[in-house]
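Before turning to the details, it may help to keep the sequence and the coordinates side by side. The paragraphs below go through one chain and one of its helices, then the contact between chains, and finally the cores and a strand.

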Amino acid sequence: MLTTASKTQILEDAGYAYSIDRLSYVNREARKVFSVEFVQDNPEAVIKAAISERTPRGEWKFYFNSAPSEAVKRELSAIFSR
Amino acid sequence: MSERTVDDRLREEYFALLPDARRVREELEAEVRHCLLPLSSALDRYEKIEITSRIKDCESALGALRRRQEGATFDPDQAESYSLKSLNDLAGVRVLAFPRSRWYEANDALRRHETFASWASDPVRSDDRSTELAFKYHGVCSRNVKPRAELQIVPMLIGLFWEVEHSAIYKPSPHLKGALATQEMRQRTNDVLQAIESFEAEFERLVRRDPRTS
């Protein structure tokens, strides 16, 4: 299994940047957010599959270990859309 | 009028806890100083024991609690479930010791003290987890159980690195603490601590062998 460092590289190569304030990897164009916990706890294949996953246009998709509530999704979507 | 946010509620809790946190800090520092007095008064000229204490400031406390949530975001629908009382280090005392033999002695003395004997141990370990780089304990004081407190017993140079890091980076910009959550930053931090540990160990070895200090 690859280390978290190489998983980070996979995310960065796919256009994700780390949000220091929200402890998450974010791609505004793809509208996807990966928490550091999710990245640490899941293998490379899961990260790659999530990066490639098709999501409804215009909606943010959150890859968290525990699904965030609607209120948290709204807040993070607003922050990352600015 | 706009609704109170989770942050507003926690700020209110912070200032309600502050008098207790101050008392805990004072009690803790007094107990640590008293416990280490025999050791501090027997130090050689080149040896040092320094004791400092602090209370986490309001925004740092909120930030620490927020970073515990996945996505570092409070859920406004769960506002009542967040409390600063769950932080282990609202009040804290740090003991810096040099050389390492004094660090171990300080740790042994404090661990035997009745207040700290039952505190939970949460040491900072090397990357391979084989070595303790700093001792950390948390628990409650005898006279005041509301805010939990942390006791750190740290090799001098590692403690000074933490102080420089804090005052240069995190004190002016507390949100930058989030950088430390990445595996890469944890690895780099561990590299620094292990380099300092190695420096200190070699320095101590030479000092011990020097005919003027041995």
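The span expected of a helix is 1.5 Å times one less than its number of residues. The model to which this is applied here is a predicted one. Helix H4 of chain A, residues 70–81, has twelve residues and should therefore span 16 Å at 1.5 Å a residue, and its end C-alpha atoms do lie 16 Å apart, in agreement with that expectation.

The rest of chain A gives this helix its setting. Chain A holds four helices and four strands, and from the N terminus on its elements follow the order α-β-β-β-α-α-β-α. With a radius of gyration of 12 Å, close to the 12 Å that the globule rule gives for 82 residues, chain A is as compact as a globular protein of that length. Its C-alpha trace spans about 35 × 20 × 20 Å along the principal axes, and 28% of the 82 residues of chain A count as buried. Of the contacts in chain A between residues at least 6 apart in sequence, 57% join residues that are at least 24 apart.

Which residues of H4(A) are buried? They are Val72(A), Lys73(A) and Leu76(A), and because they fall within an arc of 100° when seen down the axis of H4(A), they line one face of the helix. An α-helix has 3.6 residues a turn, so residues three or four places apart point the same way. The buried residues of H4(A) pack against two strands of chain A, E3 (32–35) and E4 (61–63), while on the other side of the helix Glu70(A), Ala78(A) and Ser81(A) are exposed.

The same helix also has a part in the contact between the chains, which takes 22 residues from chain A and 16 residues from chain B. On the side of chain A that touches chain B, helix H1 (4–13), helix H2 (36–41) and H4 each supply at least two residues, and H4(A) gives the most, with four residues.

We now turn to the cores. The largest nonpolar core has 38 residues, and those with the most contacts inside it are Val95(B), Ala97(B), Leu151(B) and Ile153(B). Several elements of chain B each supply at least two residues of this core, including helix H1 (6–40), strand E2 (91–98), strand E5 (132–139) and strand E6 (149–155); the largest share, eight residues, comes from H1(B). Leaving aside residues up to four places away in sequence, Val95(B) touches Val32(B), Leu36(B), Ile49(B), Ile51(B), Ala106(B), Gln152(B), Ile153(B) and Val154(B). Apart from this core lies another, of 16 residues, among them Leu23(A), Val36(A), Phe38(A) and Leu76(A), the last of which is also one of the buried residues of H4(A).

Strand E6(B) deserves a separate look. In a regular strand the side chains alternate between the two faces of the sheet. From E6(B), Ala149(B), Leu151(B), Ile153(B) and Pro155(B) point one way, whereas Glu150(B), Gln152(B) and Val154(B) point the other way, and all are buried; the strand is thus mostly covered, with seven of its seven residues buried. E2(B) and E6(B) run parallel and are joined by seven bridges, with Gly92(B) standing opposite Glu150(B). E5(B) pairs with E6(B) in the antiparallel sense over five bridges, and there Gly139(B) has Ala149(B) as its bridge partner.

How values were computed. Residues numbered from 1 in each chain as written. Chains lettered and ligands numbered in written order. Predicted model: local features only at pLDDT ≥ 70, side-chain atom pairs only at ≥ 80, totals over all residues. Core = buried A, V, L, I, M, F, W, Y, C linked by C-beta atoms within 7 Å. Buried ≥ 20, exposed ≤ 12 C-beta atoms within 10 Å, placed from the backbone. Contact = placed C-beta atoms within 7 Å. Rg over C-alpha atoms; globule rule 2.2 N^0.38 Å. Arc of directions from axis to C-beta. Pairing = 2+ DSSP bridges.
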